[in-house]
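Open the model in your viewer and keep the selection tool at hand. The stops below can be taken in order.

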Amino acid sequence: EASWAEKHAAEEFSLYGEKITGIRVPVYASDSEQWKAHNKVILVGSPDSNPSIAQLIGNDAFNTLKTDRDGFIQKSLENEKQSFLIIGGLKPRCTVYAVYNYFERFCDVGFFEDGEYVPRRGTLPFTNIDNIEISRFQYRLRSMFGEGHVMLKKYTHHFWTIEDYKRNIDYWMKTRMNMSGLILTVWKGSLIEDVVQEVYNVPPPSPDISYPAWPMAWDLSKEY
């Protein structure tokens with residue numbers, strides 16, 4: 001069964017696909033019969049979580065991703081009935097990276113800390129795609145929300161709401177960060193405490209006034 005990260009990846013593909021083309025990209029479970037009626041199908045996930053990927057290409061292509069680094073595959077292929085685009089990785093977070101990278105690499109989408117650039121085009125690229133990427137670095141870390149004390153609201157988390165924190169963490173994900181070691185003190189009753197507990201699912205370790213937070217962001221089971 002698909003993890004919440006893989007389901008999120010599919011929903012993000014649908015979202016940005018619609019932003020680019022103006023046409024909604026429906027999302028179906030891998031065991032649904034509905035997707036079989038479409039001429040073009042995007043398969044999101046891995047051979048373990050999506051049996052259709054295993055049937056089409058087996059495990060060989062994904063075996064190259066069995067390293068201590070994050071990696072993903074984007075591959076187009078077709079049979080006599082349908083055209084397919086496979087997007088995924090062995091780790092659930094890598095499937096999310098694969099979706100965002102597809103839009104950057106093949107659709108000219110830009111993800112920036114203060115916004116996004118999403119061009120309009122008639123269709124999504126669906127052919128002649130055969131890309132495997134493995135990260136150069138095992139750990140890619142951000143240790144600060146925003147850019148410090150620059151005093152512009154969109155860059156300075158002292159002025160943020162919890163939605164601003166979520167937007168910033170989404171940006172980290174879109175740029176393939178896989179850890180966030182927050183060097184900060186979380187004061188009881190503060191918004192930062194809400195962020196650490198709601199977004200990172202890290203409970204207070206003690207009833208003290210404050211505590212240091214060093215959560216790892218992307219392998220937690222809870223979806224913010």
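**Aromatic cluster**

Select Phe-13, Tyr-16, Tyr-100, Tyr-102, Phe-103, Phe-106 and Phe-111: together they make up one aromatic cluster. The model is a predicted one. Across the structure there are nine aromatic pairs. One of them joins Tyr-16 and Phe-103, whose ring centres are 5.8 Å apart and whose planes meet at 40 degrees, a tilted arrangement. Colour by secondary structure and this pair is seen to link distant parts of the chain, with Tyr-16 in helix H1 and Phe-103 in helix H4 (residues 92-107), 87 residues apart.

Are these two rings buried or exposed? Tyr-16 has a relative accessibility of 1% and therefore counts as buried, the cut-off being under 20%. Phe-103 has a relative accessible area of 0% and is buried too.

**Charges over rings**

Stay on Tyr-16 and add Lys-19 to the selection. Lys-19 lies over the face of the Tyr-16 ring, 4.6 Å from the ring centre. Next, select Trp-160 and Arg-167. Here Arg-167 lies over the face of Trp-160, at 5.2 Å from the ring centre.

**The largest pocket**

Switch on a surface and centre the view on Val-25, Pro-26, Val-27, Tyr-28 and Ile-42, which of the 33 lining residues lie nearest the centre of the largest pocket. The volume of this pocket is about 890 Å³. Which elements each supply at least two residues of its lining? They are helix H1 (4-21), strand E1 (40-44) and helix H2 (51-57). H1 gives the largest share, six residues. Colour the lining by class to see 17 nonpolar, nine polar and seven charged residues.

**Strands E2 and E6**

Hide the surface and select strand E2 (residues 71-78) together with E6. The two strands pair in the antiparallel sense, over five bridges. To find one contact between them, pick Lys-75, whose bridge partner in E6 is Asp-130.

Now show the side chains of strand E6 (residues 130-134). Which of them point to the buried face? Asn-131 and Glu-133 point to one face and are buried. Asp-130, Ile-132 and Ile-134 point to the other face and are not buried. This alternation is expected because side chains in a regular strand alternate between the two faces of the sheet. In E6, then, the two isoleucines are on the face that is not buried, while Asn-131 and Glu-133 are on the buried one.

Technical notes. Residues numbered from 1 in each chain as written. Predicted model: local features only at pLDDT ≥ 70, side-chain atom pairs only at ≥ 80, totals over all residues. Heavy atoms only, no water. 1 Å grid on protein atoms, 1.4 Å probe; cavity = no way out; pocket = protein on both sides within 12 Å on 5 of 7 lines; lining within 4 Å. Points joined across faces, edges and corners; volume = space filled by probe spheres on them. Helix = DSSP H or I, 4+ residues; strand = E, 2+ residues; numbered from the N terminus. Nonpolar A, V, L, I, M, F, W, Y, C, P; charged D, E, K, R; others polar. Buried < 20%, exposed > 50% of the residue type's maximum accessible area, 1.4 Å probe, protein only. Pairing = 2+ DSSP bridges. Phe/Tyr/Trp six-rings, centres within 6.5 Å; stacked < 30°, edge-to-face > 60°. Lys NZ or Arg CZ within 6 Å of the ring centre and 35° of its normal.
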